[in-house]
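The following paragraphs lead through a protein model, from its backbone to its ligand site and its empty spaces. Please keep the sequence and the coordinates at hand while reading.

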Amino acid sequence: MQNFDYMTPTRLVFGENVVEKLPEVMAAIGKRVLLTYGGGSIKKIGLYDRVKELLKDFEITELSGIQPNPKYNPSVLDGVRLCKENNIDVILAVGGGSVLDCSKAIAAGAKYDGDPWDLISYKVKAKAALPIVDILTLAATGSEYDCGGVISRTETNDKVGYLDPLLYPVCSFLDPRYTFTVSKKQTAAGCADAMNHIIEQYFCEDSTLLNDGFCEAGLKSLMVNAKACLENPEDYRARAEMMFACTLGCNGIYALGNSRSGWPCHGIEHALSAYYDITHGEGLAIITPRWMRHILSEHTLDRFVKYGINVFGIDASLPKQEIAEKAIDATYAFFESINIPMHLREVGIDDSRLDEMAHHIAVNEGLENAYAPLTEQDIKEILVASL
Ligand code: NZQ
Ligand code: ZN
């Protein structure tokens with residue numbers, strides 16, 4: 001078991017109507033609030049009006065229109081400018097992972113005098129960040145319980161994961177009812193994203209029985225509950241369990257004491273959504289089974305066998321190779337069963353830029369150090385198999 005040093009300072013407030021506690025939480029932090037949100041879903045579900053009512057005694061500045069795969073220009077830059085112009089005390093992010101991620105980059109940029117990209121690209125280490133509170137409306141990324149954000153810079157085809165302990169939200173409000181309106185496409189993509197977060201942690205050299213058990217339970221919970229949410233979008237029990245499983249999925253807690261895995265599917269997917277602006281969870285669902293097939297070897301076989309038996313209930317008496325292959329097939333079949341397009345071509349990606357993307361990934365993502373090391377050629381082969 002490996003050494004670790006762990007702290008998540010985020011307060012989670014979970015359940016129906018928890019947003020009513022918002023004024024109390026915000027009052028302890030500051031009066032001048034930057035309210036950040038996306039393209040308008042929070043208005044449709046009545047959350048925008050409720051937040052404005054709850055915060056009627058606060059000074060609110062708004063940044064709206066944050067897009068999926070949030071953009072450095074204009075969203076991060078606009079947010080930083082608004083924070084500085086209005087002397088903002090706290091950011092209230094209301095939305096899915098994209099709004100939260102963008103808000104994290106803004107929080108760091110607001111306390112920095114130079115170009116915020118210096119921070120996101122790790123050229124400069126942030127010394128401070130504004131506090132962030134969030135109200136989550138989409139179960140997927142786990143941004144509400146981690147210190148990372150992923151920002152896209154269109155002109156350079158970069159989509160960069162930016163992590164800093166300064167960026168843990170102070171408090172995350174999780175009311176599963178706000179996810180009732182999430183579309184079937186985004187519900188399925190959210191499930192695939194959270195499943196992949198767990199898979200990225202599970203497939204490593206050195207893990208514990210404890211962590212393997214958490215991961216296996218997390219995967220089973222996500223599969224059962226995502227299906228229930230798709231069947232009945234207002235199934236509170238299912239939305240609630242899915243939300244909490246997603247929250248725990250990306251925090252690193254399932255990998256404490258494990259050796260590092262390198263998060264290879266994310267390394268590959270971030271390039272896909274940087275170049276083609278696709279939905280992150282769909283890109284992951286497409287890549288994951290092809291990556292699995294590519295890395296299946298004598299060295300990784302036992303990991304796949306454990307995954308197949310404990311997650312999908314595959315007959316343990318079968319030959320190991322057969323169990324592993326059935327496990328990969330089952331992973332693919334599950335994503336297909338929740339109607340995720342399972343080929344790159346279906347999400348608008350052809351073979352014209354695969355070389356360029358494989359090179360970009362190999363240079364920027366460090367996947368030669370992953371659990372199963374990937375060279376540029378390996379990455380290209382996974383992309384070709386995903387077409
Ligand atoms: O913009 P609005 O109108 O709010 O609509 C959004 C958006 O169109 C909509 N939506 C959100 N809540 C809704 C809703 N529609 C109806 N009802 C609701 N309650 O859903 C669409 C997608 O939203 P988005 O925030 O983009 O989705 P998600 O939460 O999946 O976030 C994806 C982003 O997070 C990054 C991804 O790369 C991607 O950029 N990730 C962040 C991570 C992190 N911070 O730790 C880890 C992940 O691996 C991931 O990379
Ligand atoms: Zn993800």
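The account begins in a loop of this predicted model. Asn-69 lies in the loop that runs between strand S3 (59-63) and H4. The phi angle of Asn-69 is near 50°, which is a positive value in a residue other than glycine. A further backbone feature is the peptide bond that joins Asn-73 and Pro-74: this bond is cis, with omega about 15°. Pro-74 itself belongs to helix H4, which spans residues 72-85. Both features may be set against a general background: most residues other than glycine have a negative phi, and most peptide bonds are trans.

The next subject is ligand 1. Where does ligand 1 lie with respect to domain 1 and domain 2? Domain 1 (11-178) and domain 2 (184-386) both contribute residues to the shell around ligand 1, and therefore the ligand lies between them. There are 30 residues around ligand 1, and those that come nearest are Gly-39, Gly-97, Ser-98, Asp-146 and Lys-159. Four elements each supply at least two residues of this shell: helix H5 (97-109), strand S6 (148-153), helix H7 (184-202) and helix H10 (264-276). Sorted by class, the shell consists of 18 polar, eight nonpolar and four charged residues.

Individual polar contacts can be located within the site. Gly-97, one of the nearest residues, places a backbone N or O atom 2.7 Å from an oxygen atom of ligand 1. For Gly-40, a polar backbone atom is 3.1 Å from a ligand oxygen atom. Lys-159 takes part through its side chain, where an N or O atom is 2.7 Å from an oxygen atom of ligand 1. On its own, ligand 1 has 960 Å² of accessible area, and the protein covers 87% of it.

The remaining paragraphs concern empty space. Rolling a probe the size of a water molecule over the atoms shows where such space is left. The second largest pocket holds about 180 Å³ of space. Its lining is formed by Phe-214, Ala-217, Gly-218, Ser-221, Glu-241, Phe-244, Ala-245, Leu-248, Ile-253 and Tyr-254. Helix H8 (209-231) and helix H9 (236-249) are the elements that give two or more residues to this lining. By class, the lining of this pocket has seven nonpolar, two polar and one charged residues.

How many cavities of 30 Å³ or more does the structure hold? There is one cavity of that volume or more, and the largest cavity has a volume of about 40 Å³. Leu-138, Ala-139, Thr-179, Val-182, Gln-186, Thr-187, Arg-239 and Met-242 line the largest cavity. Here H7 and H9 each supply at least two lining residues. Helix H7 thus appears in the shell around ligand 1 and in the lining of the largest cavity, while helix H9 contributes to the second largest pocket and to the largest cavity. The cavity lining comprises four nonpolar, three polar and one charged residues.

Conventions. Residues are numbered from 1 along each chain as its sequence is written. Chains are lettered from A and ligands numbered from 1 in the order in which they are written. This is a predicted model: local features need pLDDT of at least 70, side-chain atom pairs count only at pLDDT 80 or more; totals for chains, interfaces and linings use all residues. Side-chain values use heavy atoms; hydrogens and water are left out. A residue is near a molecule or strand if one of its heavy atoms lies within 4 Å of it. A polar contact is a pair of N or O atoms within 3.5 Å; within protein, one must be able to donate a hydrogen and the other to accept it, and residues adjacent in sequence count only if both atoms are side-chain atoms. Accessible areas come from the Shrake-Rupley method with a 1.4 Å probe; for residues, only the protein chains shown count as cover. Ala, Val, Leu, Ile, Met, Phe, Trp, Tyr, Cys and Pro count as nonpolar, Asp, Glu, Lys and Arg as charged, and the others, Gly among them, as polar. Domain bounds come from an automatic or database domain assignment. On a 1 Å grid over the protein atoms alone, a cavity is a set of points where a 1.4 Å probe fits but cannot get out, and a pocket is an open set with protein on both sides within 12 Å along at least five of seven lines; lining residues have an atom within 4 Å of a point. Grid points are joined across faces, edges and corners, and a volume is the space filled by probe spheres set on the points.
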